[in-house]
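User: I am new to this structure and would like to learn how to read it feature by feature. Could we go through it slowly, with the general idea and then the case at hand?

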Amino acid sequence: MSYEADNWDLDLDWLREAIQPNTKAIVINCPHNPTGYVMSRAKLEELIAICRKHNLILFSDEVYRFLEYCEKDTLPAACDLYENAVSLGAMSKTYGLAGLRIGWIATQNKEIYQAMAKFKDFTSICNSAPSEFLATLALRQGDKIYSAQPRNYCCKS
Ligand SMILES: Cc1ncc(COP(=O)(O)O)c(C=O)c1O
């Protein structure tokens, strides 16, 4: 839970209380759409500690990563910090290429990876090859694309 009055800051005490014996995963979206909220690195690590303690998957929607109002707020991908995190990325926001319909997930957890790969194989088999080609071009030029906009709108000192 988070409120505008608290600048949308994620309330980890609320989260701790909300975890039930049958809770399997926590889903976050950071940078958050539509508020633009980005949690601190310390908060993300605390959140990961909660997930570890309860053996929970952390599904982290990071499609707005690199579009933070302030460059120094960019967090590491959750999947680089936690072995049971699944990070979601896409070409649609940071790269402005929504029409390609290309995104990705990354995780260190092989079991989750295999299950998702199987699901993808069963439902849509593969992506559009021209979209993958264009996405590769854009990813290789990523720093030029998302660095084209200055991102120092609300830097705290
Ligand atoms: C937070 C968030 N995640 C995922 C998506 C889906 O993005 P896509 O257009 O690449 O399917 C959106 C789209 O608005 C979004 O806001």
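User: How many Å separate a nitrogen atom of the ligand from an N or O atom in the side chain of Asp61?

Analyst: Please keep in mind that this is a predicted model. In it, a nitrogen atom of the ligand and an N or O atom in the side chain of Asp61 are 2.5 Å apart. Two further pairs involve oxygen atoms of the ligand: a polar side-chain atom of Lys93 lies 2.8 Å from one such atom, and an N or O atom in the side chain of Arg101 is 2.9 Å from an oxygen atom of the ligand.

User: Which residues surround the ligand?

Analyst: The ligand is surrounded by Asn29, Asn33, Asp61, Val63, Tyr64, Ala90, Ser92, Lys93 and Arg101, a list that takes in Asp61, Lys93 and Arg101 from the pairs just described.

User: How should I read the peptide bonds, and which residues does a cis peptide bond join?

Analyst: The general idea is that most peptide bonds are trans, so a cis bond is worth pointing out. Here a cis peptide bond joins Cys30 and Pro31, with omega at about -5 degrees, and the bond from Asn33 to Pro34 is also cis, its omega being near 15 degrees. Pro31 is placed in the loop between β1 (25-29) and α2 (41-54), and Pro34 lies in the loop between β1 and α2 as well. Asn33, where the second of these bonds begins, is one of the residues that surround the ligand.

User: What is the phi of Phe66 near, and where is Phe66 placed?

Analyst: As a general matter, most residues other than glycine have a negative phi. Phe66 is a residue other than glycine, yet its phi is positive, near 80 degrees, and its place is in the loop between β2 (57-61) and α3 (78-81). With a relative accessible area of 23%, Phe66 counts as partly exposed. Asn7 also has a positive phi, of about 55 degrees, although it is not a glycine; Asn7 is found in the segment before α1 and is exposed, because its relative accessible area of 60% is over 50%.

User: Is Ser87 buried or exposed?

Analyst: The way to decide is to look at the relative accessible area, and for Ser87 that value is 4%, so Ser87 is buried, the cut-off being under 20%. Ser87 lies in strand β3 (residues 85-90), and, when residues up to four places away in sequence are not counted, it touches Ser60, Glu62, Ala77, Ala78, Cys79, Trp104, Ile105 and Ala106. Two of these neighbours can be described in finer detail: a polar contact of 2.9 Å joins the side chains of Ser87 and Glu62, while a polar atom of the Ser87 side chain lies 3.3 Å from the backbone nitrogen of Ala78.

User: How much space lies in the largest cavity, and which residues are closest to its centre?

Analyst: A careful reading takes the volume and then the lining. About 90 Å³ of space lies in the largest cavity, and of the 13 residues that line it, Cys30, Ser60, Glu62, Leu75 and Pro76 are the closest to its centre. By class, this lining has 9 nonpolar, 1 polar and 3 charged residues. Glu62 is thus met again, as the partner of Ser87 in the polar contact of 2.9 Å, and Cys30 is met again as well, being joined to Pro31 by a cis peptide bond.

User: How much space lies in the largest pocket, and which element supplies the largest share of its lining?

Analyst: The largest pocket holds about 460 Å³ of space. Of its 14 lining residues, the closest to the centre are Gly103, Trp104, Ile105, Lys120 and Asn127. Both β4 (103-107) and α4 (110-123) supply at least two residues of this lining, and the largest share, 6 residues, comes from α4. By class, the lining has 9 nonpolar, 2 polar and 3 charged residues. Trp104 and Ile105, which are among the residues closest to the centre of the pocket, are also touched by Ser87.

Technical notes
Residues numbered from 1 in each chain as written. Predicted model: local features only at pLDDT ≥ 70, side-chain atom pairs only at ≥ 80, totals over all residues. Heavy atoms only, no water. 1 Å grid on protein atoms, 1.4 Å probe; cavity = no way out; pocket = protein on both sides within 12 Å on 5 of 7 lines; lining within 4 Å. Points joined across faces, edges and corners; volume = space filled by probe spheres on them. Nonpolar A, V, L, I, M, F, W, Y, C, P; charged D, E, K, R; others polar. Near = heavy atom within 4 Å. Polar contact = N/O pair within 3.5 Å; in protein donor to acceptor, adjacent residues only side chain to side chain. Helix = DSSP H or I, 4+ residues; strand = E, 2+ residues; numbered from the N terminus. Buried < 20%, exposed > 50% of the residue type's maximum accessible area, 1.4 Å probe, protein only. Contact = heavy atoms within 4.5 Å.
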